[in-house]
Amino acid sequence: MCGITAYCGNHSALPFLMQGLSKLEYRGYDSAGVTILQNNKLITVKCKGRLKNLEEKVSHYQFDGSIGIGHTRWATHGIPSNLNSHPHNNSLNTISLVHNGIIENYRELKNELIDKGYTFQSDTDSEVVVQLLDYYYNGQLLEATQKVLKRIEGSYALCIISTLEPDKIIVAKKESPLIIGKSKDAFVVASDIPALLEYTKDVYFLDDFEMAMITKNDISFFTHEGKSIQKELTTVPYDTEAAKKDGYDTFMLKEIHEQPYVIHETLRGRIFNQQIILDELKDISFEQFNKIYFVACGTAYHASLCGAQVLERITQLPVLATVASEFRYNDPIIDDKTLTIFVSQSGETADTLAALKLAKQKQATTIAIANVLGSSISREADYVLYTCAGPEIAVASTKAYTTQLVLLILLAYYVAQRLNKEIDYQAIEQLESIPHYVEQILKDENIFQEYALMLKNLHDAYFIGRSLDYASVLEGALKLKEVSYIHADAYVAGELKHGPIALIENGSVVIAVATQPHIATKTISNIQETIARGAKVILFTTSHEDIKNIDNVYYLPQVSPTLQSILVAIPLQLIAYYTACIKGCDVDKPRNLAKSVTVE
Ligand code: M6R
C-alpha cells in the first residue's frame with residue numbers, strides 16, 4: 001500500500017522524507033520517489049523497486065531544499081515502473097504531487113485534459129490531479145486545489161508543492177489517511193504515524209474533506225469548500241512498534257479491524273451501475289470452458305470453497321475447489337477447456353505455485369487472485385486480480401480472507417454477466433454495503449469476547465455448518481486452532497450423526513453457523529441433537545425460526561445468503577483471537593507457523 005511523507009521546515013527535507021518512507025516500507029510498495037523544491041526548481045527523483053535504489057539515485061544530488069514530498073507506491077493503475085512512480089509533475093515542472101488512493105473518474109478527466117492539449121507521462125490515475133491543478137491554477141494554489149477536489153471522485157491523500165508558491169505545501173484528504181506532525185522547527189506530514197515518530201508525537205489528524213496549507217512556521221486548516229476550520233493538536237502515546245499496530249495490541253486485532261476499509265478498497269471501482277468491472281479479465285472468452293478449478297491452501301482454500309459454490313450455482317458448470325498440495329500430485333483432468341483459479345494472499349505459496357505451473361503445462365487458462373503485487377503466482381498466471389487487503393502481518397489470515405471472499409463473489413457475478421446468466425442484482429447492491437455491516441459487527445466485539453470465555457479451558461471445539469456455511473466453519477476452526485492451540489474440527493452438520501456426535505458430551509462447545517435459508521432449519525435441528533447430549537452452543541444465524549434452548553445466538557445482518565460468509569468471518573476471527581489472548585498465546589506469531597509457506 002502506498003506511503004506518503006512531506007516536510008516543510010528549517011532544515012533539509014530529504015532526511016525526513018527518506019526515513020519516513022523507510023518506516024512505511026512494512027506496508028509494501030513497488031517503487032519510490034521524492035521531489036525537493038530547491039533554488040526555485042522542483043527536482044524529482046523516482047524509480048521502480050526498493051528504497052535502496054532511490055537512496056542510490058538521490059546520493060548523486062546535493063539536496064538541501066527545505067520543502068519536499070516523498071512516496072512509496074503500490075501499483076493499482078499502471079504497472080510498477082519509473083514513469084508510474086510518484087511524485088507526478090505538470091509538464092512545466094512547476095507543480096509536483098504525491099497521491100494515495102484511487103481517482104475513480106480519472107479516465108473521463110484524462111480525456112477532457114487531452115482534448116485541451118495536455119499530454120501524459122504515466123498510466124496512473126494520480127497524474128490527472130497534477131494536470132488538473134495546472135489547468136485550474138490562477139495565482140492561488142489553495143484555490144486551484146479546491147477546484148480540483150470538486151472534480152475528482154474516489155479516495156485521496158494529497159501533498160502538493162509548487163515553484164509558483166515555493167513556501168508551502170497544500171495537503172488534502174478523503175478516505176485515505178493523512179497526519180500532520182508539528183516538531184520544533186518543521187511541519188512533517190505522513191500517511192501513517194510510524195513515519196513521524198522520530199520527529200514528533202504532536203500531530204493533527206486530518207479528517208475526510210479537510211485540507212491544510214502548511215508553511216514552515218504556520219498551518220491553516222480548511223474544508224474542501226475553503227471554509228477556515230480549527231484543529232486540535234494531539235499527542236500520540238505510541239512508540240514506533242505500537243504505531244505500526246495503530247495502537248492495537250497485536251497485528252491480528254488491527255487487521256481484523258481494518259476489514260471494513262480493505263473490503264471497501266477491494267470493491268472500489270469494480271461495481272458501476274450494478275455491472276461488475278474486472279477489466280483485467282476482458283480478454284478471456286468464458287464460453288470456452290467446460291470446467292472450473294479453484295486451487296489454494298489453508299485460509300485461501302476456504303475462501304475458494306465458498307467462491308466455487310457461488311460460481312457453480314451461477315454458471316451451472318462443474319466448479320471444484322482443491323487443496324494445492326493434492327491438485328499438484330493427483331494428475332488432475334484438465335485441458336485447454338478448463339479455467340483454473342489460484343488463490344493466495346502471499347502469492348508465494350510453494351504448492352499453489354507448483355499447481356499453477358502444472359495447470360499451465362496442461363494448457364488450462366490460469367487466473368491468480370493474489371494480495372501481494374508482483375508475487376510469483378501473480379507473475380506466473382495468465383491473468384491476475386488483486387485483493388486490496390494491504391500488508392497482512394499476523395500469521396493468521398483475517399483481512400486477506402474476507403477480501404478474497406469479496407473478490408471471488410465479484411468474479412462469480414462477472415462471469416455470470418459475461419455468460420449472460422441470471423444475476424442477483426440485490427446481492428450486488430448489498431455487496432457495496434458490506435463494509436458498513438462489518439463495522440456494525442465489530443461493534444459487538446465484547447459479545448465475542450464473552451464467547452471466548454466459554455472456550456478457554458477446552459481441549460476440543462466443534463464447528464458445524466452446511467452449504468456455504470461449511471466453508472465458514474472450516475475457516476473458523478482453522479483460526480481457533482492456529483492462534484489458541486485448541487483442537488478444533490469443522491463438520492458438515494448433516495455428517496454429525498455419521499460419527500462425530502459420538503464425541504459430544506456434557507460441556508462440549510459447538511459453534512454453529514446457519515445463514516443459508518434453504519438449509520438453516522436442518523442445521524438448527526442438528527444443534528438440538530448436540531444440546532440433547534450436553535453441548536453448549538454458540539449459533540450465528542439470520543433465522544428466527546425454531547431457535548429454542550440455544551443460549552448464545554448472534555443474529556447476523558439480513559443480507560443475501562451469498563454474502564453471509566464475509567459477515568460471519570468477523571465473529572469467528574474475534575472468538576479465536578480472544579480465546580488465544582485469554583490463554584496468553586502469541587497471536588501474531590503462533591508456534592510452528594510461517595506467514596508464507598514457500599517450501600513444500
Ligand atoms: O499466502 P497464501 O494465501 O497462499 O497462504 C495459504 C496458507 O498458508 C494460509 O492461508 C495459512 O493457512 C494461514 N496461516 C491461515 O491463517
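Start at the ligand: in this predicted model, 13 residues surround it, and the closest are Ser344, Gln345, Ser346, Thr349 and Glu482. Sort that shell by class and you get seven polar residues, four nonpolar and two charged.

Zoom in on the ligand's oxygen atoms and a few of those neighbours show how they meet it. Thr349 has a polar side-chain atom 2.4 Å from a ligand oxygen. Ser346 also uses its side chain, with an N or O atom sitting 2.6 Å from an oxygen of the ligand. Gln345 works through its backbone instead: a main-chain N or O atom lies 2.6 Å from a ligand oxygen. How much of the ligand does the protein bury? On its own the ligand would expose 410 Å², and 91% of that is buried by the protein.

As for where this happens, the space that the ligand takes up is the second largest pocket. Two elements give two or more residues each to the shell, namely α9 (298-315) and α17 (468-484). Which of them gives the largest share? That is α9, with three residues.

Now step back to the whole chain. You'll be tracing 19 helices and 27 strands, so to speak, through a box of roughly 80 × 55 × 45 Å, as filled by the C-alpha atoms along the principal axes. Is the chain's radius of gyration what a compact globule would have, or what an extended chain would have? For 600 residues, a compact globule should come out near 25 Å, and the chain has 26 Å, so the two agree.

Two backbone details are worth a stop on the way round. One is at Pro87, in the loop between β4 (67-73) and β5 (88-89). The peptide bond leading into Pro87 from His86 is cis, and its omega is near -5°. The other is Gln274, which you'll find in the loop between β16 (271-272) and β17 (275-276). Here the thing to look at is phi: Gln274 has a value near 65°, which is positive, in a residue that isn't glycine.

To put the pieces back together, return to the pocket with the chain in view. The ligand sits with 91% of its area buried, α9 supplies three residues of the shell, and Gln345, by its backbone, and Ser346 and Thr349, by their side chains, bring N or O atoms up to the ligand's oxygens.

Methods. Residues are numbered from 1 along each chain as its sequence is written. This is a predicted model: local features need pLDDT of at least 70, side-chain atom pairs count only at pLDDT 80 or more; totals for chains, interfaces and linings use all residues. Side-chain values use heavy atoms; hydrogens and water are left out. A residue is near a molecule or strand if one of its heavy atoms lies within 4 Å of it. A polar contact is a pair of N or O atoms within 3.5 Å; within protein, one must be able to donate a hydrogen and the other to accept it, and residues adjacent in sequence count only if both atoms are side-chain atoms. Accessible areas come from the Shrake-Rupley method with a 1.4 Å probe; for residues, only the protein chains shown count as cover. On a 1 Å grid over the protein atoms alone, a cavity is a set of points where a 1.4 Å probe fits but cannot get out, and a pocket is an open set with protein on both sides within 12 Å along at least five of seven lines; lining residues have an atom within 4 Å of a point. A molecule sits in a cavity or pocket if more than half of its atoms lie within 2 Å of its grid points. Helices (H or I, at least four residues) and strands (E, at least two) are DSSP runs, numbered from the N terminus. Ala, Val, Leu, Ile, Met, Phe, Trp, Tyr, Cys and Pro count as nonpolar, Asp, Glu, Lys and Arg as charged, and the others, Gly among them, as polar. The radius of gyration is taken over C-alpha atoms; the globule rule is 2.2 Å times the number of residues to the power 0.38.
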